[in-house]
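Please open the model in your viewer and keep the selection panel at hand. The tour below goes from one selection to the next and says what is found at each stop.

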Amino acid sequence: MAAANENQKAQQPAKPSRFFAKREKVYPRSVKGRYRTLKWAAMVVTLAIYYLAPLIRWDRGPSAPDQAILIDLPHRRAYWFLIEIWPQEVYYLTAILIFAAIALFFVTSLLGRVWCGYFCPQTVWTDLFYAVENWIQGDRNARARLDKAPWTFTKIWKKLATHAVWLLIALATAGAFVFYFNDAPTLWRQIFALDVSPTVLWFMAGLTGSTYLMAGFAREQVCTYMCPYARFQSAMFDKNTMIIGYDADRGEPRGKHKKGDSWEGRGHCIDCTACVQVCPVGIDIREGLQMECIACGLCVDACNDVMDKIDLPRGLIRYDTEQNVENRRAGKPEEMKVFRPRSLYYTVVLVLIAGLVLYGQMTRKPFELHALHSRNPLYVRLSDGQISNGYEIKILNKTHSDAVYSLSLDGLQDYTIEMRGAGDLQADRLHVGADRVASFHIFVHALPQARTPADIRFALKDAATGETATYGSMFISGDGQ
Ligand code: SF4
Ligand code: SF4
């Protein structure tokens, strides 16, 4: 009989192994301590900035929006307090993004994954969602018990209340996001009057859904599997980068410890697993630095608390550097090297980018001129023998007041400018409204040039300030005869 059973088992097809590991749900225990307080402070500050920044007003005069931070897509402008970016100046945005990336690399090279542990939106919102869960369902053990319990009235209301608060936070997050792209007070009134455009509605629905899913369900999996930065930031680490580390030399061999027992011949780790229970990514830092660790410092708080209770010095788990571990083993003093080649390279690049952006802003012209030569036809020979070329002149008035400009050109000896369009338009009195782009079609008439095409340069002068902007183009007169 037993042999028959064995035979049957052997004939059954083997279960296919899973491609993805089954997710072990993490139930972090709440903890008190220095790093937890820092995390609360970082959460309050970052959330306050995110939710309140679109409400800050900034007077730019009647022709421009008075929202301090605004990405005005319909009018193709971006405003950030004093800085105003037109589509032609998108390189500023690129420079600011590169600056932010290098600043992140710089901070990572010094302090490790401090961004991930304290400031990354995924961390901040996940932490907030955990706080709600903890408030309604209780701490780690209570939450785990509730998940395993049958669906009683208590379980249903606790789960419903948790998800309702999560959804409200997600909705507020989505609402704040769309404020960055619209005038916040106007959109606020429209939302309350249920008079919102379908585009805004779609964005709000999408962002509410993604916040709810990412912070409520995906959580640490976003950091472990989805975030590219988690994968490559170790490239910014060196021996002097601060990392969260377990002092194995002091902690091992670990084992349970009763009050009054000797510490002789054993390590200071009492294997209480408090550091594992508080970890929001569910790892055991005693196994060494792992990719999943977001350097939040909560295991440091948990272990320090344990050390206080058993009258041992704090710091069995702490912020440390690889260099210090080596130094201690070699009996050398600990050291903190802030200025090293890597941090110096980053500092130089940061200063360069900041200098370029600052220089660009300080020398930013209040208006711009562009001239586009007509292609069809390239030139026309008039009955009096003159040659005529057509151009589209574009003037960008970046100031917040109307302006009058006069247009002239260098490079041709005798020329006339004929304005196409309304009869009273004159090249020396071109009106452009505040914060507007105006286009004018002109013809330049001149005698055939000896050299064709002749290089010419249009010059635009602000009648009020005398400031000029120029733009190079060409005058084509066939074979020059
Ligand atoms: S909290 Fe400290 S003592 Fe407890 S298991 Fe972790 S490292 Fe060991
Ligand atoms: S191991 Fe410690 S520092 Fe790393 S994520 Fe877990 S609790 Fe945070």
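## From the sheet to the ligand

Begin with the open sheet of this predicted model, in which four strands follow one another in the order β11-β9-β13-β14 and pair in the antiparallel sense. At its edges you will find β11, residues 430–432, and β14, each of which pairs on one side only. If you turn the view across the sheet, neighbouring strands are rotated by 30° against each other on average, when direction is ignored. As background, strands of a sheet pair through backbone hydrogen bonds, in either a parallel or an antiparallel way.

Next, select strand β9, residues 403–410, together with β11; these antiparallel strands are joined by three bridges. Within this pair, A403 has V432 of β11 as its bridge partner.

Then move to the other edge and select residues 454–462, which form β13, and residues 468–475, which form β14, where eight bridges hold the two strands in antiparallel pairing. Here F458 can be displayed with Y471, its bridge partner in β14. Follow the chain through the hairpin of β13 and β14, where five residues lie between the strands and G466 adopts a positive phi near 80°.

Finally, leave the sheet and centre the view on ligand 2. Which residues are closest to ligand 2? Of the 14 residues that surround ligand 2, the closest are C279, I285, C293, C296 and C299. Colouring the shell around ligand 2 by class will show 13 nonpolar residues and one polar residue, with no charged residues.

Technical notes:
Residues are numbered from 1 along each chain as its sequence is written. Chains are lettered from A and ligands numbered from 1 in the order in which they are written. This is a predicted model: local features need pLDDT of at least 70, side-chain atom pairs count only at pLDDT 80 or more; totals for chains, interfaces and linings use all residues. A residue is near a molecule or strand if its C-beta atom, placed from the backbone, lies within 6 Å of it. Ala, Val, Leu, Ile, Met, Phe, Trp, Tyr, Cys and Pro count as nonpolar, Asp, Glu, Lys and Arg as charged, and the others, Gly among them, as polar. Two strands pair if DSSP finds at least two bridges between them. Axes are lines fitted to C-alpha atoms, for helices over the stretch in contact, and angles run from 0 to 180 degrees between N-to-C directions.
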